[in-house]
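Reader: Could you zoom in on one part of this model for me and walk me through the charged side chains there? I'd like one connected story rather than a list, and do carry on to the neighbouring parts if they help.

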Amino acid sequence: MLNELLNEQKNQFAVPPQRARQLLHGLLAYYQQFIAATSDDQAWHNQVALAQFQTGRIQAGLGDFQAALVDLLMAVAAQEEHLSYHPDNTQRVYQLSNSLKSMGWVLKRLGKTNDAINVYREASTLRERLAGESPKNLHYQISHAHSIAKLGTLELYRQHFEQARRHFERARKRYLEIIE
């Protein structure tokens, strides 16, 4: 349900309807309570990081990009710490790439395009790693291609047309490799 609400809002680039806002506020309160109740318990470390990620996405969906950035920064820090102990955990690598992708989206909305590009590069590097380690995982392959295309889009915003073209050509090549 959260994904549907946020995707609908993201696709429309508008404030969600009143009922959706109420639901998002309810989910936000739930995640915030969960984080407060479990953040000191190491057994819940990964779940807390995922809750922080979801809280950041909800804040962004409600238009509070500064609060979203804080939550996403916390999620990324927790996920990076966990990965330092378990660097080969592909699920956690993918979760970190999602948090970075969301952070890049938020940074772009805050007018910090250069920071957004740096964060998207990190996400793209992780997704390239996952795609290389799991060549039969179609989702990883597509996610990597999307991340390259997103870098091209951000370069367009900076009017770095040559860099944008290189990213788009690289993304196109990845997409063609996927369908061949």
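**Helix α8 and its salt bridges**

Author: Let's start with Glu177, which is partly exposed at 38% relative accessibility. Keep in mind that this is a predicted model. Glu177 has a partner: its side chain meets that of Arg174 in a salt bridge, with N and O 2.6 Å apart. Both residues belong to helix α8 and sit three residues apart, so about one helical turn separates them. Is Arg174 buried or exposed? With 14% relative accessibility, Arg174 counts as buried, because the cut-off for buried is under 20%. So this bridge pairs a buried arginine with a partly exposed glutamate.

Salt bridges that share partners also build a network out of Glu162, Arg165, Arg166 and Glu169. One of the pairs to look at is Arg165 with Glu162, whose closest N and O atoms are 2.2 Å apart. The spacing may look familiar: Arg165 and Glu162 are three residues apart in helix α8, so they too are about one helical turn from each other. As for accessibility, Arg165 is partly exposed at 38%, and Glu162 is partly exposed as well, at 41%. In general, side chains of opposite charge can pair when their charged atoms come close.

Now for a bridge that leaves the helix. Arg170 pairs with Glu128, and their closest N and O atoms are 3.1 Å apart. Arg170 is in helix α8 (residues 161–179) while Glu128 is in helix α6 (residues 113–133), so this pair ties together parts that lie 42 residues apart in sequence. Neither end is buried: Arg170 is partly exposed at 35% relative accessibility, and Glu128 is partly exposed at 40%. If you tally salt bridges across the model, the count comes to eight.

Since that last bridge has taken us to α6, have a look at Leu130, which lies in the helix too. Leu130 is buried, with a relative accessible area of 1%. Setting aside neighbours within four places in sequence, what does Leu130 touch? Its contacts are Thr90, Val93, Tyr94 and Tyr140. Ser97 is 33 residues from Leu130 in sequence, and the C-alpha atoms of the two are 9.8 Å apart in space.

From here, hop over to helix α5 (residues 90–109), where you'll find Asn98. Asn98 is buried, with a relative accessible area of 18%. Leaving out neighbours within four places in sequence, Asn98 is in contact with Phe53 and Arg127.

For a contrast to all those charges, finish with the pair α2 and α3. Helix α2 (residues 18–38) and helix α3 (residues 45–61) pack with their axes 9 Å apart, at an angle of about 150°. That angle makes the two helices roughly antiparallel, because anything over 145 degrees counts that way. The crossing of α2 past α3 is left-handed. On the α2 side, the residues making the contact include Leu24, Leu27, Leu28, Tyr31 and Phe34, and α3 brings in Val48, Ala51 and Ile58, among others. Sorted by class, the contact has nine nonpolar and seven polar residues, and no charged ones. So helix α8 offers charged pairs such as Arg174 with Glu177, whereas the contact of α2 with α3 has no charged residues.

Notes. Residues are numbered from 1 along each chain as its sequence is written. This is a predicted model: local features need pLDDT of at least 70, side-chain atom pairs count only at pLDDT 80 or more; totals for chains, interfaces and linings use all residues. Side-chain values use heavy atoms; hydrogens and water are left out. A salt bridge is a side-chain nitrogen of Lys or Arg within 4 Å of a carboxyl oxygen of Asp or Glu. Helices (H or I, at least four residues) and strands (E, at least two) are DSSP runs, numbered from the N terminus. Buried means under 20% relative accessible area, exposed over 50%, partly exposed in between (1.4 Å probe, protein chains only). Contact means heavy atoms within 4.5 Å. Axes are lines fitted to C-alpha atoms, for helices over the stretch in contact, and angles run from 0 to 180 degrees between N-to-C directions. Angles under 35 degrees count as roughly parallel, over 145 as roughly antiparallel, 65 to 115 as roughly perpendicular and the rest as oblique. A crossing is left-handed if the near helix is turned anticlockwise from the far one by less than a right angle, and right-handed if clockwise. Ala, Val, Leu, Ile, Met, Phe, Trp, Tyr, Cys and Pro count as nonpolar, Asp, Glu, Lys and Arg as charged, and the others, Gly among them, as polar.
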